[in-house]
Amino acid sequence: MKKYITVALITFTVILNSCSTGQSQKAKANLTAVEFSEKIKELPNAPVIDVRTPVEFSSGHLQNAQNIDISGSDFKQQIETLDKSKPVFVYCLSGGRSASAASAMREAGFNEVYELDGGIMKWRGANLPETTSLAKPKATGMSKADYEKLFDTDKVVLVDFYADWCGPCKQMKPDIDAITKEMADKVTVVRINADDNVELCKELQIDALPTIKVYKNKALTWTDVGFIDKAGMMAKIQ
């Protein structure tokens, strides 16, 4: 009887410890930009994986980051070359792809995966340093002065900050296009690619996508972050 009780206690202890470990990793897996930066300093030998496309990566990325495109056909093979027993950092543009990558890596046996909550958008919003793989510095895109000129009109101006690889942005595009067509006499719709306008996004504190801004008589009247349907947008521009 003693033997069975001892075995049961050992089994219970193992399960309890396993649960505690899982909860501990989960609790600290998603880090803010500042926390992510500090953790990288704390673990300088841990690989930093950028799971965006090569084009996105080349235009700006974290120092010493390695590009392993989650949409690439060889993603699984590439992550298998990493040491699963050691910490690893993962990030993307706004957090969606890195969350999927981190989940896949944990399922593959990685013990310690840290995610940049909000992606490089939040990193840029915190004015943290990044580097580029381009031979020449990339154009910063639209200036704030040019942006403000958009509002020199009697029409309502709807500005859509998006990225080509942003899932909710893709979902919203048909509604944005419909508003552009149906409300052409009353509304000017401007779509701004966040990847091509990094400095503008920093100045306007755009650190999450999609972001919608509505201006009436040159004044900002509404801002929304995240997915919103056509009806929701129409309610704010009419």
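Strand β8 (residues 211–216) is mostly covered, with five of its six residues buried. The model is predicted. Buried here means under 20% relative accessible area.

**The sheet around β8**

β8 belongs to an open sheet of four strands, ordered β7-β6-β8-β9, with mixed pairing. At the edges stand β7 (187–193) and β9, each with a single partner strand, so one side of each is left without a neighbour in the sheet. From one strand to the next, the twist averages 15°.

β8 has a partner on either hand in the order β7-β6-β8-β9. Strand β6 (residues 156–162) joins β8 through five bridges, and the two run antiparallel. Strand β9 (residues 219–225) joins β8 through six bridges, again antiparallel. The hairpin of β8 and β9 has two residues between the strands. In that hairpin, Asn217 takes a positive phi near 55°.

The table lists residue pairs from both sheets.

| Residue | Partner | Strand of the partner |
|---|---|---|
| Leu158 | Val214 | β8 |
| Ile212 | Asp224 | β9 |
| Lys213 | Thr223 | β9 |
| Asp50 | Asn67 | β3 |

Two helices lie across this four-stranded sheet. Helix α8 (residues 167–182) lies across β6, β7 and β8. Its direction makes an angle of about 150° with β7. Helix α10 (residues 230–237) lies across β6, β7, β8 and β9. Relative to β8, α10 runs at about 25°.

**The parallel sheet**

Which order do the strands of the five-stranded open sheet take? The order is β1-β5-β4-β2-β3, and the pairing is parallel. Here β1 (30–31) and β3 (66–67) are the edge strands. Each has a single partner strand, so one side of each is left without a neighbour in the sheet. Strand β2 (residues 48–50) and β3 are joined by two bridges and run parallel. Asp50 has Asn67 as its bridge partner in β3.

**Helix α5**

Helix α5 (residues 96–107) lies across β4 (88–91) and β5 (113–116). It runs at about 175° to β5. How far apart are the end C-alpha atoms of α5? They are 17 Å apart. At 1.5 Å a residue, the 12 residues should span 16 Å, which agrees.

Arg97, Ser98, Ala101, Ala102 and Met105 are the buried residues of α5. Seen down the axis of α5, they fall within an arc of 135°, so they line one face of the helix. An α-helix has 3.6 residues a turn, so residues three or four places apart point the same way. The buried residues of α5 pack against two helices, α3 (54–59) and α4 (75–79). They also pack against strands β4 and β5. Just after α5 comes Gly109, with a positive phi of about 110°.

**The protein as a whole**

The protein has 10 helices and nine strands. Of its 238 residues, 41% are buried. The accessible surface comes to about 13,100 Å², and carbon and sulfur atoms account for 54% of that surface. How much of the contact between residues at least 6 apart in sequence joins residues at least 24 apart? The share is 70% of those contacts.

Key:
Residues are numbered from 1 along each chain as its sequence is written. This is a predicted model: local features need pLDDT of at least 70, side-chain atom pairs count only at pLDDT 80 or more; totals for chains, interfaces and linings use all residues. Side-chain values use heavy atoms; hydrogens and water are left out. Buried means under 20% relative accessible area, exposed over 50%, partly exposed in between (1.4 Å probe, protein chains only). Contact means heavy atoms within 4.5 Å. Accessible areas come from the Shrake-Rupley method with a 1.4 Å probe; for residues, only the protein chains shown count as cover. Two strands pair if DSSP finds at least two bridges between them. Axes are lines fitted to C-alpha atoms, for helices over the stretch in contact, and angles run from 0 to 180 degrees between N-to-C directions. The expected span of a helix is 1.5 Å times one less than its number of residues. The arc is that of the directions from the helix axis to the C-beta atoms.
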